[in-house]
Structure formats: C-alpha cells, structure tokens
Amino acid sequence: MLVLNCSMKLQMLEKMLRLSFPESLKVYGAVMNINRGNPFRKEVVVDSWPDFKALITRPQKENEMDDLDHYTNAHAVFYKELQAYQELLENTNAINWGQIFQIQGLQDGICEISRTVALSKQVDVKTSSFQMVIHSDPDMLPDVRLQMDPKLTLAYLDISHASLLSKTWSRGGNPRSQKYLANLICNFPSVCVLGDKGYPLSWSLTDQFAIMIHVYTLPEHRRKGYSRLVATTLAKKLHSHGFPAQGNVLETNIPSITSLLKSMNAQFLPCPFFRVIHTSFRFLAKSHL
C-alpha cells in the first residue's frame with residue numbers, strides 16, 4: 001500500500017484516470033480537487049505505483065475529526081482487479097474501520113466486496129444505487145437565458161443557506177449534513193436563484209468528488225425553469241474550470257427528472273453509481289445519521 005503525496009505523481013494519475021472513463025469518474029473528480037488546492041484534505045492510496053490495480057481516495061489521517069460523520073468520511077474507489085481492491089479494503093492502514101464511512105464508485109464489485117470484508121470486521125453495510133448522468137460537451141448545453149422577475153438574482157450559495165439545503169436534502173435534516181453542506185458551499189462551485197429577500201428559491205452545488213448534487217426548487221416556485229437554469233449554469237461553470245459536469249439520479253426518481261435531463265442534453269452512463277455506508281456494530285444503537 002502506498003500513499004501518493006507527490007504532486008507529479010498525482011498529476012500523472014489524473015491523466016491516467018481519463019483512460020478509464022466512465023468507471024473512474026468518481027476518483028477522477030476527487031483527484032482533480034486534490035490537484036487544485038485540496039480543499040477537502042483528501043489523499044490517494046494505491047496498491048502499487050505506477051501500475052496500480054486498485055485506488056482509494058480518502059480523508060487525510062490527520063483530518064479525521066468525527067467518527068460518526070459519514071458525509072465527510074467519504075471514499076471514492078476504482079479498481080482494475082477486484083482481488084487487489086479487496087486486499088486494499090481489508091488493510092486497516094488504508095481504511096479506518098473504526099468510524100462510520102461511505103464508499104462511492106461506479107463498478108459492480110464495490111458492493112460485493114464491501115459486504116464480504118464488512119462481515120469479518122463486524123460492520124453493517126447499506127447500499128444505494130443511482131444512475132449517473134454526464135454533460136460531456138459544453139457546446140451541447142442549452143442556452144438558458146431566462147426572462148426572470150427583475151427582483152430575482154442568479155448568484156452563488158452562501159453559508160447561511162446551509163440550513164435550508166439540509167432540510168430539503170433527501171440525505172439531510174441533521175447537524176452533520178448541515179455542516180457538510182456548509183463546507184461544500186465554502187469550497188466548491190454552486191448556483192442559486194435568490195428571491196427579493198435574498199432567500200434561495202432554486203439551487204445546485206458541487207460535492208467533494210466534483211459531482212453536481214441537490215438540484216432543488218422550492219415547491220411553490222416550480223415549473224418556471226429554475227432547475228434547468230441552475231443546473232445548466234453550474235454545468236457550464238464546471239466545464240469552464242476543466243471539470244466534467246456530472247451528476248447522479250436515484251433510480252426511483254428517473255421518471256420525474258427525465259424531461260429535465262433531456263432538455264439539458266445529458267447522457268446516461270452505462271455504469272451505475274453505488275454508495276455504500278459502513279457502520280460498525282458498536283454505532284448501530286446510536287443516532288448518527
């Protein structure tokens with residue numbers, strides 16, 4: 001196991017990961033952020049270098065502060081050989097199994113290996129699957145000039161908006177999610193439509209893996225084109241900074257959001273996105289989510 005902390009190797013890794021799209025997109029976004037200031041204090045672990053067979057991005061050891069915060073304790077993974085990934089996951093120097101953490105990736109073996117390894121470590125796993133979408137060509141994004149009420153403003157999210165975002169997020173509604181969203185707002189691109197009192201009506205933001213998340217419009221302001229406006233504006237912003245514009249949709253929500261994605265010329269990727277939350281048995285009785 002090796003921790004890549006050499007800037008030249010990390011730049012090389014970024015280029016190497018492009019050759020394995022779309023399966024490597026999650027780790028690619030994390031590595032891009034590491035190479036551009038590393039605002040979320042991540043690091044890369046590989047089984048070997050340069051001919052790695054498995055890779056994990058994880059929080060830096062010295063920045064592990066809350067063992068119950070699975071939002072921040074998030075890992076992205078990519079493997080070329082499943083056995084190499086399992087061996088890396090089993091390594092206690094690679095993963096802190098004493099905390100609640102999540103693993104994200106776009107390969108089928110991720111869930112299977114998590115279940116196998118977690119059983120021996122007395123850890124519960126919960127899996128979710130999503131459909132990944134990407135806006136691969138910025139020139140294909142629609143022109144979203146919208147005749148908005150002059151009292152409304154297209155702006156960035158502010159840290160003061162984190163409470164509202166947490167309450168409306170399907171994974172939120174608790175102090176840790178609010179803190180996590182506040183950190184995202186402070187460190188990564190976001191877009192929102194502000195009302196005349198400075199209150200967000202519609203928004204989207206970017207997570208630690210350079211994924212567009214939480215595209216949301218307050219119910220009383222829907223069917224006005226705001227979701228399309230903020231999502232397209234954010235996608236163009238990501239492209240302008242060299243990032244892929246990508247997002248994920250819970251499979252049960254695909255029917256309700258298909259029209260929006262089609263209007264943005266988004267492409268569904270052939271590989272699903274998996275999120276696996278790992279919780280030690282000793283934490284299961286506690287209120288942590």
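In the predicted model, Val 31 is placed in helix H2, which covers residues 25-34. The relative accessible area of Val 31 is 0%, and this residue is therefore classed as buried, the cut-off being under 20%. When residues up to four places away in sequence are set aside, the contacts of Val 31 are with Leu 10, Leu 13, Glu 14, Leu 17, Val 44 and Thr 57. A separation of 18 Å is found between the C-alpha atoms of Val 31 and Ile 95, two positions that lie 64 residues apart along the chain.

The burial of Val 31 is shared by the rest of its helix: 10 of the 10 residues of H2 are buried, so that this helix is largely enclosed by the rest of the structure. The buried set comprises Leu 25, Lys 26, Val 27, Tyr 28, Gly 29, Ala 30, Val 31, Met 32, Asn 33 and Ile 34, and thus includes Lys 26 as well as Val 27. In the loop that connects helix H1 (7-18) to H2 lies Pro 22, and the peptide bond joining Phe 21 to Pro 22 is cis, with an omega of about 0 degrees.

A further cis peptide bond is found between Trp 49 and Pro 50, where omega is near 5 degrees. Pro 50 belongs to the loop between E2 and E3, and Asp 51 is likewise placed in that loop, which runs between strand E2 (42-46) and strand E3 (54-59). Asp 51 has a relative accessibility of 61% and for this reason counts as exposed, the threshold being over 50%. The C-alpha atoms of Asp 51 and Ala 235 are 33 Å apart, with the two positions 184 residues apart in the numbering along the chain.

Helix H4 (residues 109-120) was examined for its length and its surroundings. Its 12 residues should span 16 Å at 1.5 Å a residue, and the C-alpha atoms at its ends are 17 Å apart, which agrees with that expectation. The buried residues of H4 are Gly 109, Ile 110, Cys 111, Ile 113, Ser 114, Val 117 and Ala 118. In general, an α-helix has 3.6 residues a turn, so residues three or four places apart point the same way. The cover over the buried residues of H4 includes helix H3 (82-90) together with strands E4 (74-79), E5 (101-105), E6 (123-135) and E13 (273-280).

Within H4, Ser 114 has a relative accessibility of 0% and hence counts as buried. Apart from residues up to four places away in sequence, Ser 114 touches Leu 89, Ile 103, Val 125, Val 276 and His 278. Directly after H4, Gln 122 adopts a positive phi of about 55 degrees, although this residue is not a glycine. Gln 122 is located in the loop between H4 and E6, and its relative accessibility of 53% is the reason that it counts as exposed.

A positive phi also occurs at Ala 210, another residue other than glycine, where the angle is near 65 degrees. Ala 210 is situated in the loop that links strand E9 (200-206) and strand E10 (212-217). With a relative accessibility of 2%, Ala 210 counts as buried, whereas Gln 122 counts as exposed.

For the protein chain as a whole, the secondary structure amounts to 8 helices and 13 strands. A compact globule of 289 residues would have a radius of gyration near 19 Å, and the value of 19 Å computed for the protein chain agrees with this. Along the principal axes, the C-alpha trace spans about 55 × 45 × 35 Å. Of the 289 residues, 53% are buried, and among contacts with a separation of 6 or more, 73% are made by residues 24 or more positions apart. The surface exposed by the protein chain is about 13400 Å², of which carbon and sulfur atoms supply 50%. As for charge, the chain carries 31 positive and 25 negative charges, and the mean positions of these two groups are 5 Å apart.

Notes. Residues are numbered from 1 along each chain as its sequence is written. This is a predicted model: local features need pLDDT of at least 70, side-chain atom pairs count only at pLDDT 80 or more; totals for chains, interfaces and linings use all residues. Side-chain values use heavy atoms; hydrogens and water are left out. Helices (H or I, at least four residues) and strands (E, at least two) are DSSP runs, numbered from the N terminus. The radius of gyration is taken over C-alpha atoms; the globule rule is 2.2 Å times the number of residues to the power 0.38. Buried means under 20% relative accessible area, exposed over 50%, partly exposed in between (1.4 Å probe, protein chains only). Contact means heavy atoms within 4.5 Å. Accessible areas come from the Shrake-Rupley method with a 1.4 Å probe; for residues, only the protein chains shown count as cover. Lys and Arg count as positive and Asp and Glu as negative; His and the chain ends are not counted. The place of a charge is taken as NZ of Lys, CZ of Arg, CG of Asp or CD of Glu. The expected span of a helix is 1.5 Å times one less than its number of residues.
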